[in-house]
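Student: I'd like a close look at one part of this protein: its interior. Could you take me through it in one go, starting with any enclosed space?

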Amino acid sequence: MPKIKETVHQNDTSEAETGAHKPKTPGKSQENKSFHLDDRSPDLIETVNKVSKLSIAHEIVVNQDFCMEENVLPPNSLEGKFFETMYNAFWNHLKEQLSSTPPDFTCALELLKEVKEILLSLLLPRQNRIRNEIEEALDMDLLKQEAEHGALDVPHLSNYVLNLMTLLCAPVRDEAVQKLESITDPVQLLRGIFYVLGLMKMDMVNYTIQSLRPYLQEHSVQYERAKFQELLDKQPDLLDFTTQWLTKAARDLTTPSPSSSPNWEANKSELPSPTMVLYQGYLNLLLWDPDDEEFPETLLMDRIRLQEMESQLQQLTILSSVMLVARSFSGNALFRSPEFVAKLKCIIKALMEECSSGPEDAMLNVSEQVSQEIHQGLRDMGLSALSCESTASLIGQLQNISKKDNCVRIIIDKRIRLFLKCCLVCGMQESLLDFPGGLIFIEGELAELGWKFVSLMHHNQQVFSPYYAEILKNIIPSA
């Protein structure tokens, strides 16, 4: 599963930067920050902070792979070129200042001040001796006096910082720190120090995340519910889209078509249970139009995650459809070979991922390659090759899978969604024991998707069940 890249704020760890540590431009960053904050109301700032904290805590709990990682901008991108230009300009300016007569230590002092802040943020609470040592060695008032008298020893201070980094860095950064020891140019050394310090800050945040995860998992339901209630108190209409979402789910369970209204008064014995309505709502999230902004508020933090699951579901539908059609033409003997099945699945997945122009073009490539693999597989096993008519029919049926109204694709899609519904209702273990027919070729991938989907939805159900119960009480009249 791909890792999430975010900027996290911690009390003692400062902010974690994903990538090389960029020095602050003296004066400008504070001005910009002040400008933006002045334009915002205190209530809006408070709400943004609450949502940010809630999102980070939620991400840590539901995503076991969540961590900070270096963010490398594409070198040819506009953003990448901009940051590289600004970054190089800063270091060139520092070099000019230190090379002037007498030396100008303005930027150097700003850098040393930030280095001190980073080093202190890397310390654990019990490391008081090192904390005091850093405060003494990098006493900014004393360094400022030395700079005013032209006596600031930048190389000496850089080497002191480098020795501290050797002591504080994680083992994975040992090699990077050792490479800095061979740099003699003071500006290049400072530049390298900032880069590695950025990685060390990232390591510290990841350490903090791992330390917090057990606590957050234990208290996440109460924490997320309490934070959401604080937002709801300030914004009473925060559940409007959630109400619409559950209303549609109830309608889906009680009417054959979206246009008709549920006749609950006449069929009270057939009313769906609140739990089944909620589960239907969860399943509907995997059919959500990405352009529809009226997404349930209680699931906004998981919208991107659910979109990824929806994409995986569609890919698995096509993959399973292709495999079933291919087997129907080549016979069971070839598809009893685990090696052949694994190879064919890899080829299909690769071709689908490579093609960005659309499903039609993707299936054009898939149909041709699958046909070739089947011919080669039959030949290797000493079996009769497909006739020209069968080959043409195979390619045609595979290409038709790109259409949403393809009968094989529709059946597979329904079975996958039925499996996910069973996972919600009966649990994963029981659902895996009674795996749906026709999905055998994607059993491993579908089981993984099922675990992720069910875990996420059950967590959501635990957090927001009081709100859902209140909404459903008004949607479904009591029998």
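Tutor: Let's pin down a term before we go in. A cavity is a set of grid points where a 1.4 Å probe fits but cannot get out, and its volume is the space filled by probe spheres set on those points. Keep in mind, too, that you're looking at a predicted model.

With that in hand, a search of the whole structure turns up one cavity of 30 Å³ or more. The largest cavity holds about 50 Å³ of space. Its lining is made up of L285, W288, D289, P290, F295, R303, L306, Q307 and E310. Sort those residues by character and you get five nonpolar, one polar and three charged.

Hang on to L306 from that lining, as this residue brings us to the packing. The largest nonpolar core has 76 residues, and L306 is one of the three that touch the most other members, along with Y282 and F453. The helix giving this core its largest share is α19, with 13 residues. There is also a second, separate core, with 45 residues, including L98, F105, V177 and M204.

Now zoom in on Y282. Skipping residues up to four places away in sequence, Y282 touches W245, L299, L424, F453, M457, N460, Q461 and Y468. Notice that F453, another of the residues touching the most core members, is among those partners.

N460 is the partner I'd stop at. This asparagine sits in helix α19, which covers residues 443-475. Is N460 buried or exposed? The cut-off for buried is under 20% relative accessible area, and N460 counts as buried because its value is 2%. What does its side chain do there? The side chains of N460 and Y282 are joined by a polar contact of 2.8 Å. Beyond its neighbours within four places in sequence, N460 is in contact with T298, L299, S465 and Y468 as well as Y282. L299 and Y468 turn up in the contacts of Y282 too.

For another polar residue out of the way of solvent, try S371. Its home is helix α15, residues 359-380. S371 has a relative accessible area of 5%, so it is buried. Leaving out neighbours within four places in sequence, its contacts are T391, L394 and I395.

A137 makes a handy contrast. This alanine is in helix α5 (residues 128-137), and it counts as partly exposed because its relative accessibility is 28%. A137 still touches L143, L157 and Y160, not counting residues up to four places away in sequence. Take L157: 20 residues separate it from A137 in sequence, while their C-alpha atoms are 8.4 Å apart.

Finally, step back to the whole chain. Its secondary structure comes to 19 helices and two strands. Of its 479 residues, 43% are buried. And if you take contacts between residues at least 6 apart in sequence, 73% of them join residues at least 24 apart.

Note on methods:
Residues are numbered from 1 along each chain as its sequence is written. This is a predicted model: local features need pLDDT of at least 70, side-chain atom pairs count only at pLDDT 80 or more; totals for chains, interfaces and linings use all residues. Side-chain values use heavy atoms; hydrogens and water are left out. On a 1 Å grid over the protein atoms alone, a cavity is a set of points where a 1.4 Å probe fits but cannot get out, and a pocket is an open set with protein on both sides within 12 Å along at least five of seven lines; lining residues have an atom within 4 Å of a point. Ala, Val, Leu, Ile, Met, Phe, Trp, Tyr, Cys and Pro count as nonpolar, Asp, Glu, Lys and Arg as charged, and the others, Gly among them, as polar. Helices (H or I, at least four residues) and strands (E, at least two) are DSSP runs, numbered from the N terminus. Buried means under 20% relative accessible area, exposed over 50%, partly exposed in between (1.4 Å probe, protein chains only). A polar contact is a pair of N or O atoms within 3.5 Å; within protein, one must be able to donate a hydrogen and the other to accept it, and residues adjacent in sequence count only if both atoms are side-chain atoms. Contact means heavy atoms within 4.5 Å. A nonpolar core is a set of buried Ala, Val, Leu, Ile, Met, Phe, Trp, Tyr and Cys residues joined through side-chain atoms within 4.5 Å.
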